[in-house]
Amino acid sequence: MQASQQHRSSVMASRVYHQVKREVEPYCFPPFPSAGHSLCYSDSSHGSHFFVKNSSERYCTLESSSANGSYTVYNTSSTVSFSPNGSPMSQQESQSYPSGLHHSPDNTYGSPVSGSCITDDVSDLKDKLRELETAMLGPDSDIIDSTTSPEMDGWRLVMDAISRGDLKQVLVSCAKAVSDNNLLMAQWLMDELRGMVSVSGEPIQRLGAYMLEGLVARLASSGSSIYKALRCKEPASADLLSYMHILYEVCPYFKFGYMSANGAIAEAMKDEDRVHIIDFQIAQGSQWVTLIQAFAARPGGPPHIRITGIDDSTSAYARGGGLNIVGKRLSKLAEHFKVPFEFHATAISGCEVQQEHLQVRPGEALAVNFAFMLHHMPDESVSTENHRDRLLRLVKSLSPKVVTLVEQESNTNTAPFFPRFREALNYYTAMFESIDVTLPREHKERINVEQHCLARDVVNIIACEGTERVERHELLGKWRSRFRMAGFTPYPLSSLVNATIKTLLDNYCDKYRLEERDEALYLGWMNRDLVASCAWK
């Protein structure tokens with residue numbers, strides 16, 4: 001009996017991870033986290049882009065603005081514009097943007113050849129410091145030559161970073177100036193940064209372009225206005241799905257999350273006849289394609305599967321329709337593999353979910369899936385309702401057999417602005433570097449992929465606060481505390497899951513690394529953990 005169960009577990013776990021077979025390709029759709037969270041900042045977001053109005057309405061990337069001048073992006077009291085090289089600027093700044101950019105015939109996107117648009121040579125350092133000193137302290141000051149102060153040491157360090165083209169340090173210095181409400185320093189550094197960033201450059205230049213957007217918006221207190229303006233202006237849903245699918249294919253982060261969660265569910269349900277899966281962010285539903293296949297091949301026959309798919313109704317945009325589209329696709333797949341199947345659509349946000357929405361039935365083994373979802377739920381620092389912990393307590397009251405958690409390994413929830421900026425800079429630097437390895441810079445869709453699937457997350461983290469800031473990641477240690485407080489205990493991951501994910505990573509750059517520690521799996525890029533996955537009961 002024990003040997004039979006082990007065989008069944010091995011067959012189930014191994015089949016869960018294989019690529020979808022050729023005959024089920026018609027049922028597959030671009031697998032990616034909820035497009036609703038990609039499209040609407042009232043819940044969460046993926047991507048960043050602005051819209052320009054000229055003779056006809058269209059959207060453009062940061063560097064696709066006309067060289068003839070800057071364009072207003074939206075009409076609010078604090079307006080952000082595009083400069084001639086595509087970098088963001090405030091309305092006031094757009095009247096006096098420095099024209100000293102250095103171009104070359106090969107510099108298609110208008111990025112500067114030098115590291116700075118103002119200071120091109122170390123010999124300019126002292127003159128520039130003198131100008132800044134005069135602006136700050138008056139014409140009779142003589143600080144540079146006679147005294148040393150922490151403030152002037154800070155200016156010298158910044159100027160040294162600019163002269164060396166150290167974009168990362170200049171971004172950090174600009175964020176510190178914004179944090180300290182040092183408007184003179186912040187505006188000056190934003191001018192410098194506009195000549196250093198480029199959505200078509202190195203990974204740090206591309207990320208820097210979006211982080212600069214966030215700093216400009218934060219300084220203008222226009223973060224919420226940006227998202228309200230962007231909500232009703234999106235690329236065609238088919239294009240958005242295409243961008244999501246490209247990101248899904250070029251990076252293993254989402255495959256890792258779905259595979260590890262499916263493996264835990266398959267292991268927990270290997271002997272069950274009736275299985276109910278509650279997916280709190282079902283998106284396109286494609287996470288469940290391989291799991292349905294695995295259950296179909298289970299020794300002794302498949303169980304009856306019922307999936308409750310929860311998703312904000314705004315996700316319908318990327319899907320091209322409501323959750324019924326997901327239900328029909330999965331039902332057709334299950335019919336093809338002769339798996340008894342039901343689908344229950346719940347088109348509400350996680351904050352609205354109550355027990356009656358979940359339709360739990362006696363006699364069903366319950367699995368709950370939180371994949372890239374819980375960090376969008378406001379916690380006690382945002383709302384007294386604390387939906388983040390409320391949902392965990394609600395799920396625990398249902399006595400699930402397994403609960404899966406997949407989240408970005410980043411600390412941007414309650415951190416103050418400046419440390420949050422540094423955390424986002426380090427995290428997304430690793431993300432953009434990993435994309436750079438797989439997706440060539442000349443790839444015509446690369447800018448769209450980064451802009452629509454990643455950049456708006458970055459801007460939200462930097463520019464928004466309170467309920468407007470929906471990208472609120474936590475480290476796995478904090479998630480563990482929340483799950484334990486709700487009454488959960490860890491569910492051990494199968495060693496076969498780890499081995500199969502390692503096989504998946506063989507198809508990607510060797511700089512990705514997989515590590516198992518403290519009953520969880522971590523996927524990282526070089527020395528930075530990016531995604532963590534674990535299971536609970």
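Buried, as used here, means under 20% relative accessible area, exposed means over 50%, and partly exposed lies in between, with a 1.4 Å probe and protein chains only. The model is predicted, so local features need pLDDT of at least 70 and side-chain atom pairs count only at pLDDT 80 or more, whereas totals for chains, interfaces and linings use all residues. Residues are numbered from 1 along each chain as its sequence is written, and side-chain values use heavy atoms, with hydrogens and water left out.

**Exercise 1. Describe the salt bridge of arginine 194 and the surroundings of that residue.**

Step 1. Arginine 194 is buried, because its relative accessible area of 0% falls under the 20% limit.

Step 2. A salt bridge is a side-chain nitrogen of Lys or Arg within 4 Å of a carboxyl oxygen of Asp or Glu, and the side chain of arginine 194 forms one with that of aspartate 191, at 2.8 Å from N to O.

Step 3. Helices (H or I, at least four residues) and strands (E, at least two) are DSSP runs numbered from the N terminus; both partners belong to helix H7 (residues 183–194), where they stand 3 residues apart, about one turn of the helix.

**Exercise 2. Find which parts of the chain are tied together by arginine 206 and glutamate 450, and place the pair in its network.**

Step 1. The two side chains meet in a salt bridge of 2.8 Å, N to O.

Step 2. Because arginine 206 lies in helix H8 (residues 203–219) and glutamate 450 in helix H17 (residues 446–463), the pair ties together parts that are 244 residues apart in sequence.

Step 3. Arginine 206 and glutamate 450 are both buried, and they belong to a network of salt bridges that links Glu202, Arg206, Asp436, Arg441, Arg446 and Glu450. By the rule given above, the count comes to 27 salt bridges.

**Exercise 3. Decide whether glutamate 342 and arginine 361 are buried, partly exposed or exposed, and locate their salt bridge.**

Step 1. The side chains of glutamate 342 and arginine 361 meet in a salt bridge of 3.3 Å, N to O.

Step 2. This pair links distant parts of the chain, with glutamate 342 in strand E7 (residues 341–346) and arginine 361 in the loop between E7 and strand E8 (365–371), 19 residues apart.

Step 3. Glutamate 342 counts as partly exposed because its relative accessibility is 28%, and arginine 361 counts as partly exposed because its relative accessibility is 34%.

**Exercise 4. Work out what surrounds tyrosine 508.**

Step 1. Tyrosine 508 is found in the loop between helix H19 (495–505) and strand E11 (512–517), and it counts as buried because its relative accessibility is 14%.

Step 2. Contact means heavy atoms within 4.5 Å; leaving aside neighbours within four places in sequence, tyrosine 508 is in contact with Tyr248, Glu249, Val250, Cys251, Pro252 and Lys255.

Step 3. A polar atom of the tyrosine 508 side chain lies 3.2 Å from the backbone oxygen of glutamate 249.

Step 4. The C-alpha atoms of tyrosine 508 and threonine 438 are separated by 8.1 Å, although these residues are 70 apart along the chain.

**Exercise 5. Describe the buried interior, from the whole chain down to one helix and the cores.**

Step 1. The protein chain has 19 helices and 13 strands, and buried residues make up 60% of its 537 residues.

Step 2. Helix H12 (residues 287–296) is largely enclosed by the rest of the structure, because 9 of its 10 residues are buried; among them are Trp288, Leu291 and Phe295.

Step 3. A nonpolar core is a set of buried Ala, Val, Leu, Ile, Met, Phe, Trp, Tyr and Cys residues joined through side-chain atoms within 4.5 Å. The largest such core has 110 residues, and those with the most contacts inside it are Met211, Leu215, Leu247, Tyr253, Val402, Phe421 and Tyr428.

Step 4. Helix H16 (residues 417–438) gives the largest share of this core, 11 residues, while another core, of 29 residues, lies apart from it and includes Met373, Leu405, Leu476 and Phe488.

Notes. Polar contact = N/O pair within 3.5 Å; in protein donor to acceptor, adjacent residues only side chain to side chain.
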